[in-house]
Amino acid sequence: MYYGGDYNPEQWPEEVWQEDVALMRRAGVNLVTVGVFSWARLEPREGEYDFGWLDRVLDLLHDGGVQVCLATPTTQPPPWIGEEARNVSADGVRLTHGSRDTYCVSSPAYRAKSLEIAARLAGRYGRHPALAMWHVHNEYGSWCHCEHTAAAFRVWLRGAYGGLEALNDAWTTSFWSQHYSAWEQVTTPRATQYLPNPSQALDFRRFLSDELLGHFREQKEILAPSGVPVTTNFHFGDWVPVDQREWAEAVDLVAIDHYPAQDPPEETAFAADLARCWAAGKPWVLMEQAVVAYTGGRIVPRRPGEVARLSLSHVARGARGVMFFQWRASRGGAELWHGGMVPHAGPDSRIFREVCELGALLPSVPDAGDVRAEAAILWDTASWWALQSRGLPSSEVDYLDALRQAHRVLYRHGVTAGFAYPSADLSAYRLVLVPSLCLISDADAANLRRYVEGGGTLVVSFFSGVSDEHGRVRLGGYPGALREVLGVRVEEFHPLAEPVELSDGAAGPPPSGAGSPPDWGTGTLWSEHVHLAGAQALVSYASGPLAGLPAVTRHAYGSGTALYVSTRLADAAFARLLGLAPHPAGLELVRHDRAVFAINHGDREQPVGPGRDLVTGTVVESLPPGGFAVLAGLEAADAGDVRVGIGAER
Ligand code: GLA
């Protein structure tokens, strides 16, 4: 288990380094990431190198028993770098040095200089005894629209489409006089008068992901001969043009940065489950988190015990390392208020004491085998990107919001869930949720059909299955590729400005003698004119233009069941649909092969078990607020049983 953070000794006089290492030892730190933003100090003038300070830092850390995750500093070139190495915005502005991430990976000058500094580091430190890991770059994700990028984009497009006519077809350039007659006419989606071509925008993100990945791979090739794992830290944001699914195959271990703000436990569970999906069996680590939270324009310290609980949540979901940005809070610079494991107040502080406590606890967390998820939520980067286009039927459909709701409902009911790709073998899951998967290939649609045929329960929500992988609509009725398995045909979308009432079952009066029907609340955001084509209505619209028509349907298909949810249900209604049992608020449970990890994020004592806590060796029957245990022999209290309620029972 790695424990530590980004260490930026170049921001401090050398006397402080001695204290740093002593404090790291006190805190149980065993790994620090060094050199992320050090290019200007390592190569102060082009071709003139200064490694002396880094030699001393690495030796000092090694003598102190702290291992090093050594970064290549390519995420921010020094001020001397030529203008051509910097990126150009969509409206044609060449960005200026002064912030960070100001580079263009397609620029030959940047590419050459960045590989050279990586090679110098590999040559000098590849055999250093402190070296445990390489950290390439930092949070890849910069965009560029310069001529080099445009040329590289054309090369990528030729590879993807072969001929120009195939590209014209995939991008539907017959619309708005966009038909290309020569490759030189094709460029990046730069600023334009009105709506850009959505297929072009989607391909540009795919290209950028590959182009950045090419740069990572080149660095990896330079660093790999040293024999230590090579990684880069994934940043998760809707502006990031990185398809983590593909990148995860290229790294030796997956590393994520995570800064939860609104609901830290739920956001942490979401991010950690996603990281485990990306890692697909490889180890993964939390490379950066913070001792503060950015909320609503404020930077607020994490509450007492919160740093430990969130860190343990990552560990419970499979993380093999818990790291921070950064070791020591900076005195100046753009992120001086960001906090650190050693805050401005110094080691005599609540934060540093909590950092030490966590460092002491982590080595006692047992290996309880793999996380055992019984439900999966499908994750698809292209659908996420496509749903960021302008010109959609509703500007309010938010892919992440749909995913977060699906995850939150399972999380709040104690169900151990994971994410999976639409092409994955899903047969191990009892339940698969498919939120707004708007783009789907024929092969992936067939995979989902097979899952249901084989006995699985698939719950698809609105605006799924509608387009092919280029964003072209599948004709004949929505949800396109999923019509057959869902047994419905949707004629129209009716995005909602106001909520609409929902009623139980098919339209019409309830059967006489029936008890009071469940309350499905309202549908919000979206609704659809659904025709049944084999499915039965479980919930209907009771107000609005679609009153009397099906809102939620169930279809028996093969040995399984496929549900379609054509509106946004409230969380409680979603949980009812899945038949989830009530679960104590704030109690996080994560099943592993040999135990259940339990964390109490709430402010009340919660009964769990009884089970034997593998951390302390004692029998635990309840968890106090902030409590943590790894419970063996907990079958009886193994909460979070998935029963797909109305789907299965009626
Ligand atoms: C990211 C970066 C760090 C730092 C933190 C805090 O995770 O990798 O360099 O900027 O955010 O904002």
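Contact here means heavy atoms within 4.5 Å. This is a predicted model, where local features need pLDDT of at least 70, side-chain atom pairs count only at pLDDT 80 or more, and totals for chains, interfaces and linings use all residues. Residues are numbered from 1 along each chain as its sequence is written, and side-chain values use heavy atoms, with hydrogens and water left out.

**Exercise 1. Place histidine 601 and list what it touches.**

Step 1: get the location. Histidine 601 sits in the loop that links strand E24 (596-600) to strand E25 (606-613). Helices (H or I, at least four residues) and strands (E, at least two) are DSSP runs, numbered from the N terminus.

Step 2: check burial. Buried means under 20% relative accessible area, exposed over 50%, and partly exposed in between (1.4 Å probe, protein chains only). Histidine 601 has 12%, so it is buried.

Step 3: collect the contacts. Skip residues up to four places away in sequence, and histidine 601 touches Pro265, Arg309, Leu310, Tyr411, Gly586 and Glu588.

Step 4: add one C-alpha distance. Glycine 627 is 26 residues away from histidine 601 in sequence, and their C-alpha atoms are 7.7 Å apart.

**Exercise 2. Do the same for histidine 235: is it buried or exposed?**

Step 1: find the loop. Histidine 235 lies between strand E6 (233-234) and helix H8 (244-250).

Step 2: apply the cut-off. Its relative accessibility is 18%, so histidine 235 counts as buried.

Step 3: list partners. Beyond neighbours within four places in sequence, histidine 235 contacts Glu139, Val240 and Gln244.

**Exercise 3. Work out the strand order of the open sheet of 9 strands, then find the helix H16 that packs on it.**

Step 1: write the order. It goes E13-E12-E14-E15-E22-E21-E20-E17-E18, with mixed pairing. Two strands pair if DSSP finds at least two bridges between them.

Step 2: look at the edges. Strands E13 (417-420) and E18 (522-523) each have a single partner strand, so one side of each has no neighbour in the sheet.

Step 3: zoom in on one pair. Strands E14 (residues 431-434) and E15 (residues 457-461) run parallel and are joined by 4 bridges. Leucine 431 stands opposite threonine 457 in E15.

Step 4: add the helix. H16 (residues 571-578) packs on the sheet, touching E14, E15, E20 (536-541), E21 (550-557) and E22 (560-565). The direction of H16 makes about 145° with that of E14; axes are lines fitted to C-alpha atoms, for helices over the stretch in contact, and angles run from 0 to 180 degrees between N-to-C directions.

Step 5: finish H16. Its buried residues include Ala573, Phe574 and Leu577. Glycine 579 follows H16 and has a positive phi, near 70°.

**Exercise 4. How many disulfides does a search of the whole structure find?**

Step 1: run the search. It turns up 0 disulfides, taking a disulfide as a pair of cysteine sulfur atoms within 2.5 Å.

Step 2: test cysteine 144. The closest cysteine sulfur belongs to cysteine 146 and is 3.5 Å away, so that's too far for a bond. Cysteine 144 is buried, at 3% relative accessible area.

Step 3: test cysteine 277. The closest cysteine sulfur is in cysteine 438, 18 Å off, so there's no bond here either. Cysteine 277 counts as buried at 10% relative accessibility.
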